[in-house]
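Biologist: Could you pick one loop and take me closely through its surroundings? Keep it brisk, and give the cut-offs as you go.

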Amino acid sequence: MAGQLTARVLQGVKILLVEDSDDIRDAFTGLLRAEAADVVAVSTGGAAITAALRDDFDILLTDFGLPDIRGDFLINRVLAGAHRRPRVIMITGYGEPYTSWARQAGAELVLTKPVDWLDLLHHLRPEHRVAA
């Protein structure tokens, strides 16, 4: 898979990244921007909801365990208020029942930490669609 990936594979993709860990959020933001994604990175569910009400995103990439609200609640709120439905990818350190709750809320894909960057990048590519 790595041989198929070229720089700037996320050109024109607008991503709302929600991660409360500063180090992880900063690392993902840098990696996503290196692939030419337009990234809005926030640390709380409340900030994510505010951002999603202001603008449309192609992808909501969120953690489940946020300091203010759970990730499944965030997904519900973002999808309810979206003019255009974003693809939703959840990253979590939790197993069941959290992964099922995320899928029920609308996550197309749930990845468990630690996440392999090339695998995540593959799923973020515009031409890659995850079966709902």
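Modeller: What follows is a close look at the loop that holds F57, and then at the parts around that loop.

First, the ground rules. The model is predicted, so local features need pLDDT of at least 70 and side-chain atom pairs count only at pLDDT 80 or more, while totals for chains, interfaces and linings use all residues. Residues are numbered from 1 along each chain as its sequence is written, and side-chain values use heavy atoms, with hydrogens and water left out.

F57 sits in the loop between α2 and β3. Helices (H or I, at least four residues) and strands (E, at least two) are DSSP runs, numbered from the N terminus. The relative accessible area of F57 is 5%, so F57 is buried. Buried means under 20%, exposed over 50%, and partly exposed in between, with a 1.4 Å probe and protein chains only.

What does F57 touch, leaving aside its neighbours within four places in sequence? Its contacts are K14, I15, L16, V40, A51, A52, R84 and P86. Contact means heavy atoms within 4.5 Å. H83 is 26 residues from F57 in sequence, with 9.5 Å between their C-alpha atoms.

The loop also carries charge pairs. A salt bridge is a side-chain nitrogen of Lys or Arg within 4 Å of a carboxyl oxygen of Asp or Glu. The whole structure has 7 of them. One joins K14 to D55, with the closest N and O atoms 2.0 Å apart. K14 belongs to strand β1 (residues 14-18) and D55 to the loop between α2 (45-54) and β3 (59-63), so this pair ties together parts 41 residues apart in sequence. K14 counts as buried, at 17% relative accessibility. D55 is partly exposed, at 34%.

Another salt bridge links D58 and R84, at 2.9 Å from N to O. D58 is in the loop between α2 and β3, and R84 is in the loop between α3 (71-81) and β4 (87-92), so the pair ties together parts 26 residues apart in sequence. Both ends are partly exposed: D58 has a relative accessible area of 25%, and R84 has 40%.

Next, empty space. A cavity is a set of points on a 1 Å grid over the protein atoms alone where a 1.4 Å probe fits but cannot get out; lining residues have an atom within 4 Å of a point. Points are joined across faces, edges and corners, and volume is the space filled by probe spheres set on them. There are 2 cavities of 30 Å³ or more. The largest has a volume of about 60 Å³. Its lining includes D55, D56 and F57, and also L16, A52, R84 and P86.

Finally, the sheet. Its 5 strands form an open sheet in the order β2-β1-β3-β4-β5, with parallel pairing. The edge strands are β2 (38-42) and β5 (109-112), each pairing on one side only. Two strands pair if DSSP finds at least two bridges between them; β1 and β2 have 5. L16 has V40 in β2 as its bridge partner. Both residues are among the contacts of F57.

Terms used
1 Å grid on protein atoms, 1.4 Å probe; cavity = no way out; pocket = protein on both sides within 12 Å on 5 of 7 lines; lining within 4 Å.
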